[in-house]
Amino acid sequence: MSERSVSKQRDGKRWYDLIAPEQFDRTELGSTFADEPEKVYGRTVEVTLGDITGDQGENNTKLTFKVNDVSSDAAYTEFIKHELARDYVRSLVRRGASKVDVAITVLTTDDYRVQLQPVAFTTKKADRNQEQAIRRVMIDLVEEAAAERTFDELVDSVIEGRLSSAIYGEAKTIYPLRRVEVQKLTLEARPEEVAAEEAAAVDVDEGDVAVDDA
């Protein structure tokens, strides 16, 4: 019997393997220790993209997963955040050039609310109007991407670099760019949460209607 098995029996706790969603090929992300399955729900785990793909060149991308289902010995997760390492983003900044970024909140075709933060690095210093025009491109292309994709498809587009490539291709006509990245993608609300918020908003609006008793 392994030491870990003996430990399980001694203190009543057990290990749960953390499993990535199907989108990430059910990769094992690590393990977590608990005495009751209910205590595993909501726990998060952060790994690099390189941990999942085996490509160490992708270790600058951090992925966060959250447990949303638990079985006898496994904890299944959902994807909640993609973020580039801060050191990596800082390494892209050049003196005498511009860093242009923006935060955009969108709704996917399957009603997930997501915030994305693209960032562009110019070859030299852009003026204010050029920076504003680049941000407009970012906003338009992110909104367009969300309007055409499910949550999983949007995440794939970010992780695989297709969205940043699309932004680069259009924004470089405004001012020469050195690089474009999506530095962060965060899941803000699931479909049921979005629906509940919308229902609550409707209730408030109806309650605000003035009634003339005259």
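**Exercise 1.** In this predicted model, determine which helices and strands each supply at least two residues of the lining of the largest pocket, and which gives the most.

*Solution.* Step 1: Two strands and two helices need to be listed: strand 5 (74–84), strand 9 (177–189), helix 5 (151–159) and helix 6 (162–171) each supply at least two lining residues. Step 2: Strand 9 gives the most, with five residues.

**Exercise 2.** Describe the largest pocket by volume, by the residues closest to its centre, by residue class and by domain.

*Solution.* Step 1: The volume of the largest pocket is about 320 Å³. Step 2: This pocket is lined by 19 residues, and Thr61, Leu84, Ile159, Arg179 and Glu181 are the closest to its centre. Step 3: By class, the lining holds eight nonpolar, seven polar and four charged residues. Step 4: Domain 1 (10–82) and domain 2 (86–195) each contribute at least three residues to the lining of the largest pocket.

**Exercise 3.** Repeat the description for the second largest pocket, and explain where it lies relative to domain 1 and domain 2.

*Solution.* Step 1: The second largest pocket has a volume of about 220 Å³. Step 2: Its lining comprises 14 residues; closest to the centre are Pro21, Glu78, Phe79, Tyr112 and Asp152. Step 3: Strand 5 and helix 5 each supply at least two residues of this lining, and the largest share, four residues, comes from strand 5. Step 4: The lining of the second largest pocket divides into five nonpolar, three polar and six charged residues. Step 5: Because domain 1 (10–82) and domain 2 (86–195) both give residues to this lining, the second largest pocket lies between them.

Key:
Residues are numbered from 1 along each chain as its sequence is written. This is a predicted model: local features need pLDDT of at least 70, side-chain atom pairs count only at pLDDT 80 or more; totals for chains, interfaces and linings use all residues. Side-chain values use heavy atoms; hydrogens and water are left out. On a 1 Å grid over the protein atoms alone, a cavity is a set of points where a 1.4 Å probe fits but cannot get out, and a pocket is an open set with protein on both sides within 12 Å along at least five of seven lines; lining residues have an atom within 4 Å of a point. Grid points are joined across faces, edges and corners, and a volume is the space filled by probe spheres set on the points. Ala, Val, Leu, Ile, Met, Phe, Trp, Tyr, Cys and Pro count as nonpolar, Asp, Glu, Lys and Arg as charged, and the others, Gly among them, as polar. Domain bounds come from an automatic or database domain assignment.
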